[in-house]
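Trainee: I'd like a close look at one part of this model: the biggest open space and whatever surrounds it. Please walk me through it in one go.

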Amino acid sequence: MLTLPNLLTLSRIVTVPLLAALLWWPEWRLGYGLAFGVYCLMGVTDYFDGYLARAQGAVSKLGIFLDPIADKIMVAAVILVLTAQGILRGPYVGDMHVIAGLVILLREIAVSGLREFLGGIQVSVPVSRLAKWKTTFQMICLGALILGQALPGWLMTIGGFTVNVPHTVGLTTLWAAAVLTVITGWDYLRVGLKHMD
């Protein structure tokens, strides 16, 4: 149970409250800089826990169970805190960026429930390549949104608006992740519906 991959996964879960605390004050640049560092470290452990588990032949049921939970907890916590602090806001559509975050959260909840249902009838749904792209965009967007608060002076003028570069990258990739979230969520749902007769 206490293999290195599992400990790395558990470290991500334990670190989520620290990450949320660092994100709580939007004007605290140092806090957001530290949060970006913590977020990147969590991303590195996400990669290495799976890599080490496969390389060492230490893939465990606990690891298979905890890894997606750790990812979902981290993503949900960051989206909720950034939304609460008004950071999912930008040019052209204002607060409408919150909808993209909501889509991601709803999909994570729905797919978790669907996977639980399918697991109960011993049907596994492999992670698609598109779902991996969704995760990549999701991780980039949240990291960029955090970095944008840490570096408020990183500005550029686009279409008459002066925007923070990392923040704008974050909002753009947030929408890309939301679109892929809908597509991959529908793919999972189609598989699930076949087994709900």
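Mentor: Helices here are DSSP runs of H or I with at least four residues, strands are runs of E with at least two, and both are numbered from the N terminus. The model is predicted, so to speak of a local feature takes pLDDT of at least 70 and a side-chain atom pair counts only at pLDDT 80 or more, while totals for chains, interfaces and linings use all residues. Residues are numbered from 1 along each chain as its sequence is written, and side-chain values use heavy atoms, with hydrogens and water left out.

Now the pocket. On a 1 Å grid over the protein atoms alone, a cavity is a set of points where a 1.4 Å probe fits but cannot get out, and a pocket is an open set with protein on both sides within 12 Å along at least five of seven lines; a lining residue has an atom within 4 Å of a point. Points are joined across faces, edges and corners, and the volume is the space filled by probe spheres set on them. By that recipe, the largest pocket comes out at about 1300 Å³. Its lining counts 38 residues, and the closest to the centre are Asp 46, Asp 67, Pro 68, Asp 71 and Val 127.

Who builds the wall? Helices α1, α2, α3, α4 (97-120) and α5 each put in at least two lining residues, and α3 gives the largest share, with 10. Sorted by class, the lining has 16 nonpolar, 9 polar and 13 charged residues. For that sorting, Ala, Val, Leu, Ile, Met, Phe, Trp, Tyr, Cys and Pro are nonpolar, Asp, Glu, Lys and Arg are charged, and the others, Gly among them, are polar.

Take α3 on its own. The expected span of a helix is 1.5 Å times one less than its number of residues. For the 24 residues of α3 that gives 34 Å, and its end C-alpha atoms are 35 Å apart, which agrees. Buried means under 20% relative accessible area, exposed over 50%, and partly exposed in between (1.4 Å probe, protein chains only). The buried residues of α3 include Leu 66, Ala 70, Met 74 and Val 78, and they pack against α1, α2, α4 and α5. After α3 comes Gly 86, with a positive phi near 75°.

Helix α2 (residues 29-55) has 27 residues, an expected span of 39 Å, and end C-alpha atoms 39 Å apart, which agrees as well. Among its buried residues are Met 42, Thr 45, Asp 46 and Asp 49. What covers the buried residues of α2 includes α1 (4-22), α3 (61-84) and α5 (129-150). Just after α2, Gly 57 has a positive phi of about 65°.

Arg 12 ties several of these names together. Arg 12 sits in α1 and is buried, with a relative accessible area of 1%. Contact means heavy atoms within 4.5 Å. Not counting residues up to four places away in sequence, Arg 12 touches Met 42, Thr 45, Asp 46, Asp 49, Asp 67, Ala 70 and Asp 71. Asp 46, Asp 67 and Asp 71 are also among the residues closest to the pocket centre. Val 127, another of that central set, is 115 residues from Arg 12 in sequence and 21 Å from it in space, C-alpha to C-alpha.

What about α4? His 97 lies in this helix and, at 7% relative accessibility, counts as buried. Beyond its neighbours within four places in sequence, His 97 is in contact with Leu 88, Arg 89, Gly 90, Pro 91, Leu 171, Leu 174 and Trp 175. Val 111, also in α4, is buried at 5% and, on that same neighbour rule, is in contact with Gly 185 and Tyr 188. Ser 112 of α4 is partly exposed, with a relative accessible area of 31%.

One last check, on cysteines. A disulfide is a pair of cysteine sulfur atoms within 2.5 Å, and a search of the whole structure finds 0. Cys 40 is in no disulfide, and the nearest cysteine sulfur, that of Cys 141, is 13 Å away. Cys 40 is partly exposed at 34%, whereas Cys 141, at 0%, is buried.
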